[in-house]
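Dear colleague,

I am handing over the structure we spoke about, and below it I have set down what was found in it. Please read the notes with the structure open beside them.

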Amino acid sequence: MADVNPVIEKMNISTGLFPVFRRDGDVWRAQPQAQGPFGGMHGGAVAALAVGEMEAMAEEKGWGALVSANLYLLRPLPLDGISSRVTPVREGGRVAVIENELWAGGKLQAKASACFQKPVTIDGLPDAPEGVLFEPEGFAKWERPAPFRASNVNHGFLDLCDIRDTTHEDGTRAKWFRLKKPFHDTPTPFSRAMAVADVSTLFTVTDAGERPNASGWPNADLSLHLSRDPIGEWIGVAQRGDWRGDGRGLTESEIFDVYGRIGRSCQSAVLLAL
């Protein structure tokens, strides 16, 4: 696995902040900031738990760097009483594929798969980024639009993030996220990016300035591919949506750190009739 990012290590250890997820024996529990707007845990927090557990195990297991992950949100996951089942699908060689199931109340609630890759040196290709391209500290703080304030008052997961709003030089509208506390007691940079990518569908709606003709738009899944681990505290998400009259939708996002583009996420939106 890539070297531990010293910024994230400092956030997890030196600040003394308790992580969002704590394990008591075989049971996971989450702090209130993991709460989502549709009942149960926010999809981003589910990703951070299911994928983050595998990511935290990678160095000990010798799996390599986490390069892609997929998550299926099967049922609303509660904030406590959660058990996980990590199962290797393939180990050995340069590529490992691992699955993690989250169970609660005797039912499978979510399932994630992750692909890990051991590094090799390829001459002539870029490695570490060179210069900072974005400075999110200087971006405006995101303000929740008025149509969403009255009907969506319990956004625990959004309260976990410092969110900034900007438009990139190419005209792309983007949100930048910095977590106020870590998800786990060890650094999990990939799943941190995956967690904030889950919020993309919401921002396709808020950027439009009005609610669509639907009572809700939860996502059924989430996928993320990264070309490298994010560096630093900030994750940028430039999202766009494509929603259809038969009740399906697609949200796709470019993912950034302050040094540039690092990957892409996609999620299937389930549009709920009024």
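Ile235 is buried, with a relative accessible area of 1%, and this residue lies in strand E11, which covers residues 234-243. Please keep in mind throughout that this is a predicted model. Leaving out residues up to four places away in sequence, Ile235 touches Lys175, Trp176, Phe177, Arg192, Ala193, Val196, Pro230, Ile255 and Phe256. Arg90, by contrast, is 145 residues from Ile235 in sequence, and the two C-alpha atoms are 30 Å apart in space.

Among the residues that Ile235 touches are Arg192, Ala193 and Val196, and these three are also among the buried residues of helix H5. Helix H5 is mostly covered, since 9 of its 9 residues are buried; they are Pro189, Phe190, Ser191, Arg192, Ala193, Met194, Ala195, Val196 and Ala197.

Helix H5 (residues 189-197) also packs with helix H2 (residues 43-61), and their axes come within 8 Å and cross at roughly 165°. Because an angle over 145 degrees counts as roughly antiparallel, H2 is roughly antiparallel to H5. The crossing of the two helices is right-handed. On the H2 side the residues in the contact are Gly44, Ala47, Ala48, Val51, Gly52 and Glu55, and on the H5 side they are Pro189, Phe190, Ser191, Met194 and Ala195. Sorted by class, this contact between H2 and H5 has 7 nonpolar, 3 polar and 1 charged residues.

Phe190, which takes part in that helix contact, is also in contact with Ser68. Ser68 is placed in strand E3 (residues 65-73) and counts as buried at 11% relative accessibility. Apart from its neighbours within four places in sequence, Ser68 is in contact with Ser113, Ala114, Cys115, Leu224 and His225 as well as with Phe190.

Trp176 and Phe256, which are both touched by Ile235, appear again in the surroundings of His168. This histidine is found in the loop between strand E8 (161-167) and strand E9 (173-179), and His168 is buried, with a relative accessible area of 7%. The side chain of His168 makes a polar contact with the side chain of Trp176, at 3.2 Å. When neighbours within four places in sequence are left aside, the residues in contact with His168 are Phe134, Ala174, Trp176 and Phe256.

Two further positions may help you find your way around the model. Val86, in strand E4 (residues 83-90), is partly exposed, with a relative accessible area of 26%. With neighbours within four places in sequence set aside, Val86 is in contact with Glu53, Met54, Met57, Ile98, Glu99 and Asn100. The C-alpha atoms of Val86 and Ala112 are separated by 9.4 Å, although the two residues are 26 apart along the chain.

Gly249, in strand E12 (residues 248-257), counts as buried at 10% relative accessibility. Not counting residues up to four places away in sequence, Gly249 touches Asp242, Trp243, Gln267, Ser268 and Ala269. Between the C-alpha atoms of Gly249 and Thr201, which are 48 residues apart along the chain, the separation is 9.3 Å.

With kind regards

Methods: Residues numbered from 1 in each chain as written. Predicted model: local features only at pLDDT ≥ 70, side-chain atom pairs only at ≥ 80, totals over all residues. Heavy atoms only, no water. Axes fitted to C-alpha atoms, helices over the stretch in contact; angles between N-to-C directions. Helix = DSSP H or I, 4+ residues; strand = E, 2+ residues; numbered from the N terminus. Parallel < 35°, antiparallel > 145°, perpendicular 65-115°, else oblique. Left-handed = near helix turned anticlockwise from the far one by under 90°. Contact = heavy atoms within 4.5 Å. Nonpolar A, V, L, I, M, F, W, Y, C, P; charged D, E, K, R; others polar. Buried < 20%, exposed > 50% of the residue type's maximum accessible area, 1.4 Å probe, protein only. Polar contact = N/O pair within 3.5 Å; in protein donor to acceptor, adjacent residues only side chain to side chain.
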